[in-house]
Amino acid sequence: MPASPSTARAINDRLALRLLQQEGPLTAGQLKQLTGLSRPTVSDLVERLTVSGLIRVVGESGEQRRGPNARLYGIAADRAHLAALDVRTGGVLVLVSDLVGRVLAEVAVPIDAGSGTAPAVEQAVAAVEEAARKAGPDAWAGLHTVGIGAPGLVDPATGDLRDSSGLPAWHRSLVAALQRRLPKARVTVENETNLAALAEQREGAARDRDTFVLLWLGHGVGAAVVLDGRLRRGASGGTGEIGFLPVPGTGSLPSATDCDGGFHALAGAAAVGALAREHGLPAEVALDGPGAARLVARAVTAGNESATRFLDTLADRLAIGTAAVTAVLDPGCVVLGGEIGQAGGEPLASRVAARLKRLSPLPTEVRPGTLGGTAVLRGALLTARDRAQDELFAP
């Protein structure tokens, strides 16, 4: 059945807004060309969107073209402000953007593990407020959507961060605290690896894939599963908890409360540091994700025998976890994400691919991630932007 006039108008408006998001400012003539709509229809939708405050004239298309036909229309980026958070064990990274995702301010705050839940939450909330005030005088009061990326499981039924052993208690209290301080804002939380996969798909290594697995390699290990364009979370939100995967070579088995006997023991930052020391490479005793990434990057550029053996052994370990994921999901593509995946680059990815080819009969491309540790923050921002636009652009 043909759409009603109101439905047709809503569809056309969303199409125009999506094009303005993707392409940037456009003239009415360019909108007509890109949408295939008639000139009167485009004129009507431009007027509707302008009156509603969603778009405005932002310039002209060229000095030789004057008048209404030369006007460039763009999304009213200051219609709403967004915040994105990357919540880590030792602190929080915050950025604030406008409605189209242009970053206006960034703040990083370390949070001591011994701070206690209430002081730690207050520090994190203060970091969001500081970033918002840096973004502009009205940004804090006008935050429309806050997207948070955090380690641990997110309950798919409630959207709440579940209690996970080994993670600071303040993580679970942060969403409620932000919601109290920003009662008009939409505050959501998502697993950090899932957000990294979204960012790699939209802006990074998996832009041409609608089915792939992101293997997160940072302080810990994890995986995000995207099948047929949809992020898969599982019945309890635990899809991709690959750190608990029982694998050979760890000397023990993981438990429900401890992943040290699982794949984490082969590929986490501490394991990477220990492996480097075994091969005579200098490494700090206690390594986080960025520290392990610097170690891997030095090995890639060194090119000596010790560095080569280290990378070969690391690839052997990563191939074990990758082969298990491939055997179950057959994703066709695995992205080595996180700080370590980005640092290893193509030299590490090609090594893993060669070993995976020997372990699995399923053809699987292995790619290095391009966003590294920034992927979580980018994914949180993309999620916040999508949710804000879905609401503001609704009929």
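User: In which sense do strand 3 and strand 4 pair, parallel or antiparallel?

Analyst: The model is predicted; local features need pLDDT of at least 70, side-chain atom pairs count only at pLDDT 80 or more, and totals for chains, interfaces and linings use all residues. Residues are numbered from 1 along each chain as its sequence is written, and side-chain values use heavy atoms, with hydrogens and water left out. Strands (E, at least two residues) and helices (H or I, at least four) are DSSP runs numbered from the N terminus, and two strands pair if DSSP finds at least two bridges between them. Strand 3 (residues 81-88) and strand 4 are joined by eight bridges, and their sense is antiparallel.

User: Which residue in strand 4 is the bridge partner of Ala-83?

Analyst: Strand 3 and strand 4 form a hairpin, with two residues between them. Within strand 4, the partner of Ala-83 is Val-96.

User: How many residues of strand 4 are buried?

Analyst: Buried means under 20% relative accessible area, exposed over 50%, and partly exposed in between, using a 1.4 Å probe and protein chains only. Strand 4 (residues 91-98) is mostly covered, and of its eight residues the buried ones number seven.

User: Which residue in the turn between strand 4 and strand 5 has a positive phi?

Analyst: Strand 4 and strand 5 (residues 103-110) run antiparallel, with seven bridges joining them. Val-92 stands opposite Val-109, and Ser-97 has Val-103 as its bridge partner. These two strands form a hairpin with four residues between them, and the turn residue with a positive phi, about 95°, is Gly-101.

User: Which strands stand at the edges of the sheet with the order 5-4-3-6-7?

Analyst: This is an open sheet of five strands with mixed pairing. Each edge strand has a single partner strand, so one side of each is left without a neighbour in the sheet; the two are strand 5 and strand 7 (186-191).

User: Which helix packs on this sheet, touching strand 3, strand 4, strand 5 and strand 6?

Analyst: Contact means heavy atoms within 4.5 Å. The helix in question has a direction that makes about 155° with that of strand 5, and it is helix 4 (residues 117-135).

User: What is the average twist from one strand to the next in the sheet with the order 10-9-8-11-12?

Analyst: This open sheet of five strands has mixed pairing. Its edge strands, strand 10 (230-232) and strand 12 (365-368), each pair on one side only. The twist averages 25°.

User: Which residue in strand 12 is the bridge partner of Val-334?

Analyst: Strand 11 and strand 12 pair in the parallel sense, over four bridges. In strand 12, the partner of Val-334 is Val-366.

User: Which element gives the largest share of the largest nonpolar core?

Analyst: A nonpolar core is a set of buried Ala, Val, Leu, Ile, Met, Phe, Trp, Tyr and Cys residues joined through side-chain atoms within 4.5 Å. The largest one has 40 residues, of which Phe-263, Phe-310 and Leu-336 touch the most other members. Elements giving two or more residues to this core include strand 8 (212-217), strand 11 (333-337) and helix 10 (305-329). The largest share, nine residues, comes from helix 10.

User: How many residues are in the second, separate core?

Analyst: Among the members of this core are Leu-85, Ala-132, Val-154 and Leu-161. Its residues number 35.

Technical notes:
Axes fitted to C-alpha atoms, helices over the stretch in contact; angles between N-to-C directions.
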